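Reader: I'm new to this one and would like a close look at a single part, then a walk outward from there. Could you show me the structure?

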Amino acid sequence: MSGGSSVIRRPAFEKSNVELVHGLWANFAGSKTASAHVDDSDDADLTNGDRPETPQSIPYTLWTSIEDDVLHIPSNMFHFRGLSEERSQYDITVKLFLLPQASFHNWRQHLQEAVAAVLDELEVDSFDLLIVSFPGISFETSSEESGGCGSNNVDASEQELLDFILDAWQEVGLLQSKGVVMKIGLAEFGRERLQKFLPRTAHRPAVDQINVRDCHVLPQSMMSFAKDEQIELLTHNDCTNILPQGTLRDILGDGEHGAGVLAGPNSKIKGLTGDVTPQWVVKYTAVIRDRGVIENKGYFASAELSNGASR
């Protein structure tokens, strides 16, 4: 929509952080189980032809892979890529969450990594809409509750944060100019922040995604401003800090529901040790245009392991 005069409400599905965590658990469990059926008797973790009897006892080295010093969890061998129809039949939306623990100076690199991951997964060379959610940003008059989301605070002043956002936004504009992205958008930008942002960029956002439980709480000034600037207002139910550090540690850890990739101080498993820090999460959705059916939806997440070692 070019007018940007209306607010498009999205269905109130499960909050994205809950969906993400459940999806990671299910994906890891399925990959571990699948790895138990792969003939890999030469693996160093399996001796004398013995195989783990339960998913919890399956070493992470059997269902993960390392490529260019990056540990892929799970290994790419345990899922299928691509779409079933021609690219032209789909509307593909991608939303990137840059997380508050990540360094501002790495945002452009994170954008490149996340976009490359989705393009590779869907086996396409472009998508229709890229929305970027920056940490430290919340809609000024938003009335939503945290709903279990982690803290979104960052160590920067408003002006410093805007400067870092503008620098990363250049990468977004470059993707658009190359035809990788058709439309670009922001999340949680209110009127005052947009008034500071827009004059400083040549790459104008077509979308502003706002987390509100009721669109009627949007002030008329915001509605009028968006209409004048031809910015389409969308609502969403996402957490900005979609993957807090403690949550990721639990998912990868050696607890009852953990993946067994990270070993605790008293752990009996062979896992990695160190501090894990989430960097970014990207969510993608491929909808078949003429049927309005979601064919492919998923997430990628990236984290850094510091002071790490194998045990």
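Reader: Let's start with serine 35: does it count as buried or exposed, and why?

Author: Serine 35 counts as buried, because its relative accessibility is 4%, and the cut-off for buried is under 20%. Keep in mind that this is a predicted model. Serine 35 sits in helix α1, which covers residues 16-35. Now look for threonine 61: along the sequence it is 26 residues away from serine 35, yet in space their C-alpha atoms are 9.9 Å apart.

Let's step back to the whole chain for a moment. The protein chain has 311 residues, and buried ones make up 45% of them. You can pick out 7 helices and 10 strands. Take the contacts with a separation of 6 or more: 72% of those join residues 24 or more positions apart. As for the outside, the accessible surface comes to about 15,700 Å², with 48% of that belonging to carbon and sulfur atoms.

So what is on the inside? In soluble globular proteins, nonpolar side chains tend to be buried together. Here, the largest nonpolar core has 49 residues, and the ones touching the most other members are Ile92, Phe127, Leu130, Phe134 and Phe197. Among the elements that give two or more residues to this core are β4 (90-98), α3, β5 and β9 (272-288). Helix α4 supplies the largest share, 8 residues. There's also a second, separate core of 22 residues, and Val21, Phe28, Leu62 and Leu248 are included in it.

Helix α4 deserves a visit of its own. It runs over residues 158-177, and because 20 residues at 1.5 Å each should span 28 Å, the 28 Å between its end C-alpha atoms agrees. Its buried residues include Leu161, Leu162, Ile165, Trp169 and Val172, and the buried residues of α4 pack against α3, β5 (127-133), β6 (181-187) and α5 (191-197). After α4 comes glycine 179, with a positive phi near 85°.

Its packing partner α3 can be read in a similar way. Helix α3 covers residues 107-122, 16 in number, and reaches 23 Å from its first C-alpha to its last, close to the expected 22 Å. Among its buried residues are Trp107, His110, Leu111, Ala114, Val118 and Glu121. An α-helix has 3.6 residues a turn, so residues three or four places apart point the same way. Following α3 is glutamate 123, whose phi is also positive, near 55°.

Technical notes. Residues numbered from 1 in each chain as written. Predicted model: local features only at pLDDT ≥ 70, side-chain atom pairs only at ≥ 80, totals over all residues. Heavy atoms only, no water. Helix = DSSP H or I, 4+ residues; strand = E, 2+ residues; numbered from the N terminus. Buried < 20%, exposed > 50% of the residue type's maximum accessible area, 1.4 Å probe, protein only. Expected span 1.5 Å × (residues − 1). Contact = heavy atoms within 4.5 Å. Areas by Shrake-Rupley, 256 points an atom, 1.4 Å probe, with all protein chains shown as cover. Core = buried A, V, L, I, M, F, W, Y, C linked by side-chain atoms within 4.5 Å.
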